[in-house]
Amino acid sequence: MSYVLNTPADQKAMLEAIGVGSIEELFSLVPDRVRLKRPLAIAPALSEIELQLHMAELVGSNRSADDDVCFLGGGSYDHFIPAVVDAVAGRSEFYTAYTPYQAEASQGSLQAFFEYQTLICQLTGMDVANASLYDGGSALAESVLMAHGIHDKRGKVLVADSVHPEYRLALQTYIANLPLSLQVLPTPDGYLNPDDLRKAIDDETLCVIVQHPNFFGCLEEVEAVSELCRARGSLFVVSFDPISLGILKRPGQYGADIAIAEGQCLGNPMVYGGPYLGIMACREEFVRKIPGRLVGQTTDRNGKRCWVLTLQTREQHIRREKATSNICTNQGLFALRAAVYLTALGPQGLRETANLCLQKAHYLAEQMRKIPGVGLQFDRPFFKEFTVKLPGRARETLDRLLQAGYHAGLPLGRWYPHMENCVSIAVTERRTRQEIDAFSAAWIQALAR
Amino acid sequence: MDLKKLRFAPTHEWALMEGDTCTVGITQFAVEQLTDVVYIELPDVGDNVFAGDSFGEIESVKAVSDLYSPVNGEVIAINTALVNDPTPVSKDPYGKGWMIKIKAEPGSKLDKMMTQEQYEKQISSGG
C-alpha cells in the first residue's frame, strides 16, 4: 500500500470539496462533552534512525522458536518448512491474501485453492473441503453453526473438556446469541470416556465435538464416539492434527461428519496471534451448508478446463440473512502454503514426518519418566504431544528452562486450574536426538534447584 | 391440471385447496425464470408453516429463492422425490413438481391470491 499524504494543502482541498471551512467546523456536530480537549497521549515522532533502533530493540526481546529449542505445542508447532513453500508462495502472482471480487479473473489462485481442497479431501478422507477459514478456533465455531444449519431442531452441543480451551472459548462467543446450549464433558482420564458420552448424549444432541489427538496429546476413542453419534442422529465433529494423519486413521474412515483443523503445521510459521489457517471438510450431503468459499472445476466456452467459485448463491454476500455463516474471506496465502507443503511431502513424506514426531515424542517421554518426581499425567496412547506432571508448580521450572534456552512446554494451569503442576510438551521432526537428550538433562537441573 | 382451479401468489407459488388440504408448488413462469433448478430444500412433515413466511428454498444455477406458504397450517406431506432430483419441478410444475401439502388452519382461504387470469396479467406486465 502506498503512503498517503495528509498535508495542510490536502486538508484544505478536501474541506473545500465538501464545503466546510475548517476541521473545527467539520467536527462541530460532535457534542462538546464527548470531545477530547487535549492532544492524544502518544510520544513525539522518532527520526528514521531512532525508529529503526527502537524496532530492532523490540524485535531483540523476542525469543522465537529459532532462538531457543522449541517443545511448545497446543495448536502451534515447530514443524519443518521446506524452502519450496516460500519459493512458490512468495511469487508476486500469489502474494496477496485476497482474491479479487471478480474471483474468476484470478485463475491461478483459484486453481491453487482447488488443489488445496483436493489435497485436504485426500488427507482427511472427507468428500468436500472449503478453501479455508481463519484458524482452528474459528473453524470449530463455524462447524457448530454449520451443524445448526443442518439440524435446526436440535440445540444441545456436547464438547469434550480435552478440546483446545481457546477453541471452546471461540465457540462460546460465536453461539452466545443462538438457541444452542453448550455442555462440556469432563475428561479426568485425559480423553472422553465413551461411557460418559453415552450418558450425556440424547435425542436433543445436535453434535459432539472431540479433538483427536486432543489438547493433552492423548488419542480419543473416535470410533466409539462416532457410533454413539450415529445411533442418536447427532453430528460428529472432529478437530484433527493434519500431521497425525500420516499414521492415524482419517476422519472420513471413522465416520466424522465435519472435520476441522488448525493448518499452521502445514508449511506455516509459528506466529504469535496468527494469521493461521482454518481447515474444514465435510461429507457431501452437507455441501450446501459448508461456510466460506468453494472452488469448482468446469470448462469455459472454448471447452478448456477452468475454475470458478461455486455454490456462490448461498454465500452471505448474496443472501446475508439466510446464510449459515457470515465468514467473508479466507486464508488464501496460508491455504496455498499448505497445498505446496502437502504436495512437496507427498503421502510418503507425510508418513515419515508423522513417524518421526511419534518416535521422538515417545523417546522424550521415556527420558522424562525416568526423572525422579516426574511422571506422565495420563496413561493413554499419544502422538507427538504428551502431558507430564511435575512435583511442584510448573511455571517456575519452565522459567528456569527458558533461561537455559528451551521453550520447554505449555503450563496447563492457565486453562485447567487443577493442573497447575502439569505441562504439555510437543516434539516435532525438527528436534534432534542431541537436543532431546540435552533437554532431559536440563529438566533434571531445573527441577533440582 | 386445470389451472383455473389454482390460485397464484405474486411470488410465483401456486396453491390448490381441496377440503382443508392445500398443495403448493411454483409456476411455469417461475421455472422459466430460474432456468436450471439444481436443489430444493423442503420442510419436514409436522412442521408448522405460516402464510407469507418461507417454507423452503429453491436453488438454480442463477439464484437461491425462498418459497412462501400461502396459508397457516401444518405440513402433512412433502414431495421427497424432488430432494434427490428436482427435474420434475422444471418438467411438470403443476403436476409431479408439487412441493408440499399443508393441512390448513380452519377457515383458511385463498381469496387474496390471484386467479390464473390475474396472474397472467401480472407476468405479462413484467412482474
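User: Which residues is A:Tyr116 in contact with, leaving aside its neighbours within four places in sequence?
Analyst: Those partners are A:Ala131, A:Ala335, A:Leu336, A:Ala338 and A:Ala339, where a contact means that two C-beta atoms, placed from the backbone, lie within 7 Å. This is a predicted model, in which local features need pLDDT of at least 70 and side-chain atom pairs count only at pLDDT 80 or more, while totals for chains, interfaces and linings use all residues. Residues are numbered from 1 along each chain as its sequence is written, and chains are lettered from A and ligands numbered from 1 in the order in which they are written.

User: And which residues touch the most other members of the largest nonpolar core?
Analyst: A:Tyr116 is one of them, together with A:Val208, A:Ile209 and A:Val237, in a core of 113 residues. Such a core is a set of buried Ala, Val, Leu, Ile, Met, Phe, Trp, Tyr and Cys residues joined through C-beta atoms within 7 Å, and buried means that 20 or more other C-beta atoms lie within 10 Å of a residue's own, with 12 or fewer counting as exposed and anything in between as partly exposed.

User: What supplies the largest share of this core?
Analyst: α10(A) does, with 16 residues; helices are DSSP runs of H or I of at least four residues, strands are runs of E of at least two, and both are numbered from the N terminus. Domain 1 and domain 2 of chain A each give this core at least three residues, and a second, separate core of 29 residues includes B:Cys22, B:Val37, B:Trp98 and B:Ile102.

User: Where do the two domains of chain A lie in the sequence?
Analyst: Domain 1 covers 69–79 + 346–448 and domain 2 covers 83–341, with bounds that come from an automatic or database domain assignment. Their centres, taken over C-alpha atoms, are 28 Å apart, and the contact takes 24 residues from domain 1 and 22 residues from domain 2. On the domain 1 side, α10 (332–369) and β12 (385–389) of chain A each supply at least two residues, and α10(A) gives the largest share, 7 residues.

User: Switching chains, is B:Asn48 buried or partly exposed?
Analyst: B:Asn48, which is found in strand β5 (residues 48–49) of chain B, counts as partly exposed because it has 14 C-beta neighbours inside 10 Å.

User: Back to chain A, how many helices and strands are there?
Analyst: Chain A has 12 helices and 15 strands, and buried residues make up 41% of its 449 residues.
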